[in-house]
Amino acid sequence: MSRARRPPHPDRVRHIICLGWLFFSAPAAAQDFVAHQRLVGVIEPVGAEHMLALGVRAPLGDPDELLFTGAHAEAGLVSYTSPIYTRNGGYLQLSPLAFLVLRAELRHAQMWSIGMPGAGYFPVGQDEPEGGEASGWEAHVSAIVQGLVPLGDTRLLLWNQLAFEGITLGPAEAYFSPRHDATLTRRDAVLANTAMLMWELDLAADLHLRLGAYSDLAWIASSERLAHQVGPVAMLLFDAPDPHVSAVLPFIRGGVYTDGPRSGGFTMLLGLMVDYR
């Protein structure tokens, strides 16, 4: 005869419920409405993108513990828009510890053409000089490992993101993706890793300069194509310039392709990130 199961302790039940409930069960004072904005422009290949995320964030762990500094759970809506596409959906972000950030996104994608070569949806093997339109879905998961090492009055910052993206887009068997600067199949996957090592010094109490180097690696599953670029990066961090703005971060990076179709070529990216609270 089997033993009757003991009902789980209420505290245990509260810890195994889904993260979505966390935002509504947490005290109102512990919840923050947040927004994140990013604008980037790229030279070689030429492109631009605006990202906007609106969400609700709840802290995790003891904020007085170093290991839980900035630990949080966050969920909301996200949109990526460029002159030739829009990708909109929802996201869930979990940072259980100060050095780890996990994120998942599910997005609907829409692409159109603007009458320029390569700017839009261009199926491979089809004679459509003006391009066409396509829609589909994208699933994205990523993990960020980050750290900070004090060096006197300065700091050494380490940041690494590993991301996987599954993409289904359009009716054609293959097409050129300007965002990935590569040919993708209708159902494809991209694995990418971006690493940065930066030295941070204080220009003022709320102004910090970051200088360092980056490495960006991308692998396309269908073609097994590998693309890699490496170069210097510079950032300027304005810390809490306004009661409703937690950070403003203009940045620039320029590098060379060491592998892939553009091997030996130069690339540059300029951007601005703003976090609201």
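Which element gives the largest share of the lining of the largest cavity? In this predicted model, that share, three residues, comes from strand 5.

## Overall composition

The chain holds two helices and 15 strands. Of its 277 residues, 35% count as buried. Among contacts between residues at least 6 apart in sequence, 52% join residues at least 24 apart.

## The cavity and its lining

The structure holds one cavity of 30 Å³ or more. The space in the largest cavity amounts to about 100 Å³. Its lining is made up of 13 residues, and those nearest the centre are Met111, Glu138, Leu169, Ser177 and Arg179. Strand 4 (85–97), strand 5, strand 8 and strand 9 (174–177) each give two or more residues to this lining. By residue class, the lining of the largest cavity divides into seven nonpolar, three polar and three charged residues.

## Nonpolar cores

In soluble globular proteins, nonpolar side chains tend to be buried together. Here the largest nonpolar core has 15 residues, and those with the most contacts inside it are Met111, Tyr121, Ile167, Leu169, Tyr175, Leu184 and Ile220. Two or more residues of this core come from each of strand 5 (100–111), strand 8 (154–169) and strand 10 (182–185). A second, separate core of 12 residues includes Val40, Met196, Met198 and Met235.

Leu169 links the two topics, being named among the residues with the most contacts inside the largest core and among those nearest the centre of the largest cavity. With neighbours within four places in sequence left aside, Leu169 is in contact with Ala109, Met111, Tyr121, Ala134, Ser135, Gly136, Tyr175 and Arg186.

## Glu49, a buried charged residue

Glu49 belongs to strand 2 (residues 47–59). Is Glu49 buried or exposed? Glu49 is classed as buried because its relative accessible area, 11%, is under the 20% cut-off. Its side chain makes a polar contact of 2.5 Å with the side chain of Tyr85, and a polar contact of 2.9 Å joins the side chains of Glu49 and Arg87. Beyond residues up to four places away in sequence, Glu49 touches Arg38, Leu39, Val40, Tyr80, Thr81, Ser82, Tyr85, Arg87 and Arg179. Of these neighbours, Val40 is included in the second core, and Arg179 is one of the residues nearest the centre of the largest cavity.

## Backbone geometry in two loops

Most residues other than glycine have a negative phi, and most peptide bonds are trans. Glu44, in the loop between strand 1 and strand 2, has a positive phi of about 65° although it is not a glycine. The peptide bond from Glu44 to Pro45 is cis, with omega near 0°. Pro45 also has its place in the loop between strand 1 (32–43) and strand 2.

A positive phi, of about 55°, is found at Glu224 as well, which is likewise not a glycine. Glu224 lies in the loop between strand 12 (207–220) and strand 13 (225–242).

## Thr267 and Leu236

Thr267 is found in strand 15 (residues 266–276). A polar atom of the Thr267 side chain lies 3.3 Å from the backbone oxygen of Ile43. Apart from residues up to four places away in sequence, Thr267 touches Val42, Ile43, Glu44, Tyr214, Gln229, Arg253, Gly254, Gly255 and Tyr257. Glu44, which carries the positive phi, is thus among the contacts of Thr267.

Leu236 is found in strand 13. Its contacts, not counting residues up to four places away in sequence, are with Leu203, Leu207, His208, Leu209, Val248, Leu249 and Pro250. Leu236 and Ile252 are 16 residues apart in sequence, and their C-alpha atoms are 9.4 Å apart in space.

## Accessibility of selected residues

The residues discussed above are listed here with their accessibility.

| Residue | Relative accessible area | Class |
|---|---|---|
| Thr267 | 4% | buried |
| Glu49 | 11% | buried |
| Leu236 | 26% | partly exposed |
| Glu44 | 35% | partly exposed |
| Glu224 | 60% | exposed |

Why does Glu224 count as exposed? The class follows because its relative accessibility of 60% is over the 50% cut-off. Leu236, at 26%, counts as partly exposed because this value falls between 20% and 50%.

Notes:
Residues are numbered from 1 along each chain as its sequence is written. This is a predicted model: local features need pLDDT of at least 70, side-chain atom pairs count only at pLDDT 80 or more; totals for chains, interfaces and linings use all residues. Side-chain values use heavy atoms; hydrogens and water are left out. A nonpolar core is a set of buried Ala, Val, Leu, Ile, Met, Phe, Trp, Tyr and Cys residues joined through side-chain atoms within 4.5 Å. Buried means under 20% relative accessible area, exposed over 50%, partly exposed in between (1.4 Å probe, protein chains only). Helices (H or I, at least four residues) and strands (E, at least two) are DSSP runs, numbered from the N terminus. Contact means heavy atoms within 4.5 Å. On a 1 Å grid over the protein atoms alone, a cavity is a set of points where a 1.4 Å probe fits but cannot get out, and a pocket is an open set with protein on both sides within 12 Å along at least five of seven lines; lining residues have an atom within 4 Å of a point. Grid points are joined across faces, edges and corners, and a volume is the space filled by probe spheres set on the points. Ala, Val, Leu, Ile, Met, Phe, Trp, Tyr, Cys and Pro count as nonpolar, Asp, Glu, Lys and Arg as charged, and the others, Gly among them, as polar. A polar contact is a pair of N or O atoms within 3.5 Å; within protein, one must be able to donate a hydrogen and the other to accept it, and residues adjacent in sequence count only if both atoms are side-chain atoms.
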